[in-house]
Amino acid sequence: RARAMATASSSPASSSATRARVRGGSVMRATGARATRARWVKKCPRRAATASSSSSSSSWTRRTRARVTTHVVSAEDAREGAEALARAMSACEGVGSAWDAKALERALRAPEAQRVFVCARDGSGEVVAYAYAASDGSMVATVERVCVREDLRRRGVGTRTARALGDALATREIYDVGARVPGELRNFFEGMDYDDDESGATYMRWMPGEGAGT
C-alpha cells in the first residue's frame with residue numbers, strides 16, 4: 001500500500017509546517033474524492049446503489065463472522081444435553097431435511113470416539129450452524145453434514161464451522177477424512193483443502209497443506 005511520508009526536520013517550526021501541509025493535502029484529496037463520487041452517483045445512480053449494497057453486505061458479513069463462535073461438543077454436552085442440542089441444530093435445517101432432531105440426537109449419543117460435532121453460536125448463544133463427522137474410532141472419519149441456518153448462509157459461517165471440525169479431527173490425530181460432496185458444494189470443500197479421492201470414489205479426500213485454503 002502506498003503511504004505518504006514526510007521527512008522529519010531538525011527545526012521544530014519546519015516540522016510543524018510539514019505536518020500542516022500533509023494534513024492539508026489529505027483533506028484536499030478526501031474532498032476531491034467526495035466530489036468525484038457525488039458526480040458519479042448523480043450520473044450512474046443504479047451502479048452506485050449496487051456498489052453501496054455490495055459494500056454493506058461485505059461489512060455485514062465481517063460483523064457476522066466476528067459475532068459467531070465455534071466449539072466442539074464435549075462428551076458431557078452430548079450425554080446430558082443431547083435432546084436440546086439436537087433440536088437447536090435441527091432448526092438450522094430446511095423443511096423436510098432427513099437430518100431432523102431425532103437423527104441428530106442418535107448421532108450425538110454415539111460413543112465419543114465415533115463422532116465429532118462442532119456447533120457455531122451467535123452472540124446470544126443460539127446455534128446457527130453445525131458440522132458433524134463420523135469416525136471409525138481410530139484414524140478415519142467422514143464428514144456427514146455441514147449446515148448453516150438459512151439467513152446466515154454465504155456469510156463465511158459454514159467455512160468457519162467446517163474448518164473448526166477439521167481442527168477437532170486433527171486434534172484427535174485423524175487425517176484420513178472424506179466427504180461425499182454434491183456438485184454444488186465442490187468449491188466450498190476445495191477451498192478447505194479437499195481434493196478428489198484417488199480411488200475414484202464419490203468422495204473428496206482432505207489433503208491438508210495442499211489446497212487453496214492453506
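How many contacts beyond four places in sequence does the model have for residues 53-57, where pLDDT stays under 50? The model has one. This is a predicted model, so confidence comes before geometry.

## Confidence

The protein chain has a mean pLDDT of 74. Of its residues, 62% reach 70 or more. Residues 1-36 form another stretch where pLDDT stays under 50. For residues 1-36 the model has four contacts beyond four places in sequence.

## Cavity and pocket

A search of the whole structure for cavities of 30 Å³ or more finds one. The largest cavity holds about 30 Å³ of space. Its lining consists of Val143, Val146, Ala162, Leu165, Phe189, Met192 and Tyr194. Two elements, strand E4 (140-148) and helix H6 (157-171), each supply at least two residues of that lining.

The largest pocket has a volume of about 800 Å³. It is lined by 22 residues, and those closest to its centre are Val146, Cys147, Leu185, Phe188 and Phe189. Four elements each give at least two residues to the pocket lining: E4, H6, strand E5 (176-180) and helix H7 (186-190). E4 gives the most, with seven residues.

The table sets out the class make-up of the two linings.

| Site | Nonpolar | Polar | Charged |
|---|---|---|---|
| Largest cavity | seven residues | no residues | no residues |
| Largest pocket | eleven residues | four residues | seven residues |

The cavity lining, then, has no polar and no charged residues. The pocket lining has seven charged residues alongside eleven nonpolar ones. Val146 and Phe189 appear in the cavity lining, and Val146 and Phe189 are also among the pocket residues closest to the centre. E4 and H6 each supply at least two residues to the cavity lining, and each does so for the pocket lining as well.

## Thr161 in helix H6

Helix H6 also holds Thr161. Is Thr161 buried or exposed? Thr161 counts as buried, because its relative accessibility is 1% and the cut-off for buried is under 20%. The side chain of Thr161 reaches the backbone oxygen of Val157 at 2.8 Å.

Which residues does Thr161 contact, leaving aside its neighbours within four places in sequence? They are Thr70, Val118, Ala120, Ala129, Tyr130 and Ala131.

Note on methods:
Residues numbered from 1 in each chain as written. Predicted model: local features only at pLDDT ≥ 70, side-chain atom pairs only at ≥ 80, totals over all residues. Heavy atoms only, no water. 1 Å grid on protein atoms, 1.4 Å probe; cavity = no way out; pocket = protein on both sides within 12 Å on 5 of 7 lines; lining within 4 Å. Points joined across faces, edges and corners; volume = space filled by probe spheres on them. Nonpolar A, V, L, I, M, F, W, Y, C, P; charged D, E, K, R; others polar. Buried < 20%, exposed > 50% of the residue type's maximum accessible area, 1.4 Å probe, protein only. Polar contact = N/O pair within 3.5 Å; in protein donor to acceptor, adjacent residues only side chain to side chain. Contact = heavy atoms within 4.5 Å. pLDDT = per-residue confidence, 0-100.
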